[in-house]
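User: I want to test the labels on this model against their cut-offs. Can we go through them one at a time?

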Amino acid sequence: MARSRTSSSVLFPLRHLAGLALLAGGALLGGNAHGAAEGTEGRTPHVSARLVAAADAVAPGERVTVGLAKRITPGWHTYWRNPGDSGLATQVHWQLPAGAAAGPLQWPAPERQALGPVVNYGYAGEVTLLAEFTAPADARPGDVLDIAARAEWLVCSEVCIPEQLDLNLSLPVAETTRTTAHSAITAARARLPQPAPWPARYSRDAHGLQLAVDSGALPAGRGEAWFFPYEWGVIDHAAAQPAQTGSDGLRLTLAPGPLGGDAGPAVLEGVLVIGDGSGATRAYELHAPLGTAASAATPAPPAVGLATALGFALLGGLILNLMPCVFPVLAMKVIALVRHGHGGRDHAARHGLAYLGGVLASFAALAAVVLALQAGGARLGWGFQFQSPLFVLFAAWLLFAVGLNLSGVFMVGGSLAGVGQSLTERGGYAGSFFTGVLAALVATPCTAPFMGVAIGFAMTQPPASLLSVFLALGLGLALPFVVLTLQPALLGRLPKPGLWMLRLKQALAFPMYAAAAWLVWVLALQTGADGLPLALGGMVAIALAAWLHEAARHAAPRIRRTARLGGTALLAATLVAASSLQPAAVPQTHSATAAPASLLPLETYSGTRLAALRAEGRPVFVNFTAAWCITCLVNERVALERPEVAAAFAAREVAYLKGDWTNQDAGITAVLNAHGRSGVPLYLYYPAGAGATPVVLPQLLTADIVLQAIAPPPG
Amino acid sequence: MKPSPFVSRLTTAAILAAGLLTGAALAAPQVGQPAPTFSATTADGNTLDLQSLRGRTVVLEWTNHDCPFVRKHYRTGNMQATQLAATSQGAVWLQIISSAPGTQGHVDGATALRLNSERRADRISHVVLDPDGKVGRLYGAQVTPHMYVIDAAGTLVYMGGIDSIPSANDGDLANATNYVRATLTALQAGQPVPNPVTRAYGCTVKYGS
């Protein structure tokens, strides 16, 4: 029985229609020559439909395929599960006998339907939506199961009409299931997307979403390819999908939709329809996680071998010693050198090796964390640990504690019998080791030339290569100091230890306090003001604990124990409190990009924005930065925020986009990876013209480098 | 950081340029960015400049009186109630008709005003006539009803559907979340808009070619 209802303004005499439908009988949706079960056809003004089954009888508890078979009036269409810009997906509300079940709808591959600027995904002509029906386990052979469904759809041509039909199907129960082909179900199965036999992934870049399918070379004469996402809003449904094919597979460039920006899905899911050039199509279900897919228009990352990467890492590590991050630690090392230099050559060399051990152990630990997180599917970059507010908090506290130590608030081990003595004491290899750890810690927010390429390479390599590149970097960082400790000539020329060393040591506390203060600022950007009480309160607690520890040194044993117990409890409470640290609900993502007195009119980076500016024909300068990236901040001060650069940008109408990587941002990580980098800073200059190749600027900028990059090509 | 006028003009230009480049495609504006400004004729024959409404919350409603989804929301009084709630808190409600001449929903000014009067939709501030689809394409309006909310600073804060259940059935209203009301409530409370971008559902806007 078919009962038709419509809320259309165009109301037909429904009784007449129903009568017509009955007369039409099996003529419509025909081809059911083998007697598979099917229900009476229902009709609305624009669709005739019935329930069908791929069997003429079902055994108790067994499954058969059923379907909603629709024939749509020419010129009209109904919609897919993601209907696109407008439209509504067809819905089927089953009313089943007790104990029976119907699975989710299975949708044949859709077609695009454009109406003016609006593009929908749906079906024209005949389509059957499938579902797996399970008969009740307690059904008895001879019973007849009444499968009923209310089907609702929106049918559109120029205008749209919501319609619904109540349909049913009688399916006999038998001892064994008798499957029978039903032409409507057979046709629908042929159009169902198959699980894609190839891995796929997607990434965001300046051109939009890059969907890469590792299909290998597709057969020649291939027609067009089109991707239909399951979710609305991830891609711009109406935009063209430029395709590139090569020996490695297929790549589609998709314009992001309103929900496809930087907070887009972790996995892009949908159906890829590939034409074979002769009008026939194959549909594949794709499951494309966010991953690396180098943009078609972006040059491939520079090809680097392991040997080159190791060399670059060593060189980068060496240069890292000259970067502002490592400077305070470098000065500490000089003091240590003076101290050890007078203890004999072997003694100094052992300290050098302990320092090297500290650096290498830290880099090995970092590599281990990277590998562990990569195994968990995370995508990381250089300095990623500073994206964790908890790490920033502990680093701030550690640097503060080191500062207190340098200020002389407390001593580690030894006694305060005399600073001179402690400075020339023979042991203390642990101290040198710790200095190495500290050097590695403060080095990570800095990037030196050559490092970007090496680390970018390492991040994509198997564990052994990754570890060796990290160790080469550490070796480079430690090398100057180790070499110095091995130079007897140099050691002989060092000044004698004295009070000046105490004063220098005290002075060096201030870079530590400054670094701690800077990290508290980074934390405030990550957690909002809520993180500040914890960070600053923790510092007070650490200072108090340090003072208690030191003050108790010469007290009576009982008082000493009590004071140290108190200090330890205080530190433990601080650490427990740290676990309550929450990232801000709305991360202060733009804070690092909102330079208060920026000379350059800047905008926040997004793939869409970049694409729009380039489409407009504007040259674009993109700056990927982070609040914790000292190299980035220095570059901005010395090279970008300069009157002459601002004037050149204005004169040449260069748009300036800033991408903030202070917090994790998969979109920016993907762009970094596409350029063979794993961390900030990254400076890209896109000359005017949508097809122009971006220029990658060096990691250490000067105003001249920037001006040269944006200057017009000679001639 | 508040975008400079230069940047907002640039954004508008970029949206227009993108629209031109992609041919017929619509380029939707972005939530959180300045709402595209326009100047258009109203049903009572005046000219309305969106910029003149700066300082007040503005709701845009794309409509087509013959669209079954529009009919659902007027038949049930849901749209009128939303209009009342919006204008009661000081918002300006613009009803926009982008149907091209000869297509469903295209009406002249007098008819548009009469239809609203018949439907007791008496809280609509202005009916904007957009037969050439300029305003509709500027906003990427795809369906009727497609809803947009612009805050007092001229920033687009919501675009999408009238509510959370895409259907033409009156019975679904009871269980649906009215996104426009939720947006207005959040704006009044100074809180972030809960769902700034949703899928609009309804009939395709009948743009001329």
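Analyst: What follows takes each label, sets the value against the rule, and concludes. Keep in mind that the model is predicted.

User: Why is Glu653(A) called exposed?

Analyst: Exposed means 12 or fewer other C-beta atoms within 10 Å. Glu653(A) has 12 C-beta neighbours inside 10 Å, so Glu653(A) counts as exposed. The residue sits in the loop between α17 (643–651) and β25 (655–660) of chain A.

User: What makes the phi of Glu653(A) worth a note?

Analyst: Its sign. Phi of Glu653(A) is near 55°, which is positive, and the residue is not glycine. Most residues other than glycine have a negative phi.

User: And in chain B, why does Arg120(B) count as exposed?

Analyst: The cut-off is again 12 or fewer. Arg120(B) has 10 C-beta neighbours inside 10 Å, so the exposed label holds. Arg120(B) lies in the loop between α4 (109–118) and β5 (126–129) of chain B. Its phi is near 55°, a positive value in a residue other than glycine.

User: How do you know that the peptide bond from Thr144(B) to Pro145(B) is cis?

Analyst: From omega, which is near -5° for this bond. Most peptide bonds are trans. Pro145(B) is found in the loop between β6 (143–144) and β7 (147–150) of chain B.

User: What is the make-up of chain B in helices, strands and buried residues?

Analyst: Chain B has six helices and nine strands. Of its 209 residues, 47% are buried. Take the contacts in chain B between residues at least 6 apart in sequence: 75% join residues at least 24 apart.

User: What makes helix α9 of chain A mostly covered?

Analyst: The count. Buried requires 20 or more other C-beta atoms within 10 Å. In α9 (residues 451–458) of chain A, eight of eight residues are buried. Among them are Met451(A), Val453(A), Ile455(A) and Phe457(A). The cover includes α3 (306–320) and α10 (463–485) of chain A.

User: How do α8 and α10 of chain A cross?

Analyst: The axes of α8 (residues 429–443) and α10(A) come within 11 Å and cross at roughly 115°. The crossing is right-handed. Gly436(A), Ala439(A), Ala440(A) and Ala443(A) on the α8(A) side meet Gly474(A), Leu477(A) and Ala478(A) in α10(A).

User: Which spans of chain A does UniProt call "transmembrane region"?

Analyst: The unreviewed UniProt entry places that feature at several spans of chain A, including 464–486 and 507–525. In the model, residues 464–486 of chain A are 96% helix and 0% strand, with end C-alpha atoms 30 Å apart. Residues 507–525 of chain A are 100% helix and 0% strand, and their end C-alpha atoms lie 29 Å apart. The label comes from the record.

User: Which residues touch the most other members of the largest nonpolar core?

Analyst: Six, including Ala53(A), Leu211(A), Val59(B) and Tyr148(B), in a core of 130 residues. Strand β12 (residues 144–156) of chain A gives the largest share, eight residues. The core also draws at least three residues from each of domain 1 (3–192) and domain 2 (195–289) of chain A. Another core, of 108 residues, lies apart from it, with Phe312(A) and Leu610(A) among its members.

User: What does Ala53(A) touch?

Analyst: Contact requires C-beta atoms within 7 Å. Leaving out residues up to four places away in sequence, the partners of Ala53(A) include Ala36(A), Val64(A), Leu169(A) and His182(A).

Conventions:
Residues numbered from 1 in each chain as written. Chains lettered and ligands numbered in written order. Predicted model: local features only at pLDDT ≥ 70, side-chain atom pairs only at ≥ 80, totals over all residues. Helix = DSSP H or I, 4+ residues; strand = E, 2+ residues; numbered from the N terminus. Contact = placed C-beta atoms within 7 Å. Core = buried A, V, L, I, M, F, W, Y, C linked by C-beta atoms within 7 Å. Domains from an automatic or database assignment. UniProt positions renumbered as here; feature names shortened; annotations may be inferred. Axes fitted to C-alpha atoms, helices over the stretch in contact; angles between N-to-C directions. Left-handed = near helix turned anticlockwise from the far one by under 90°.
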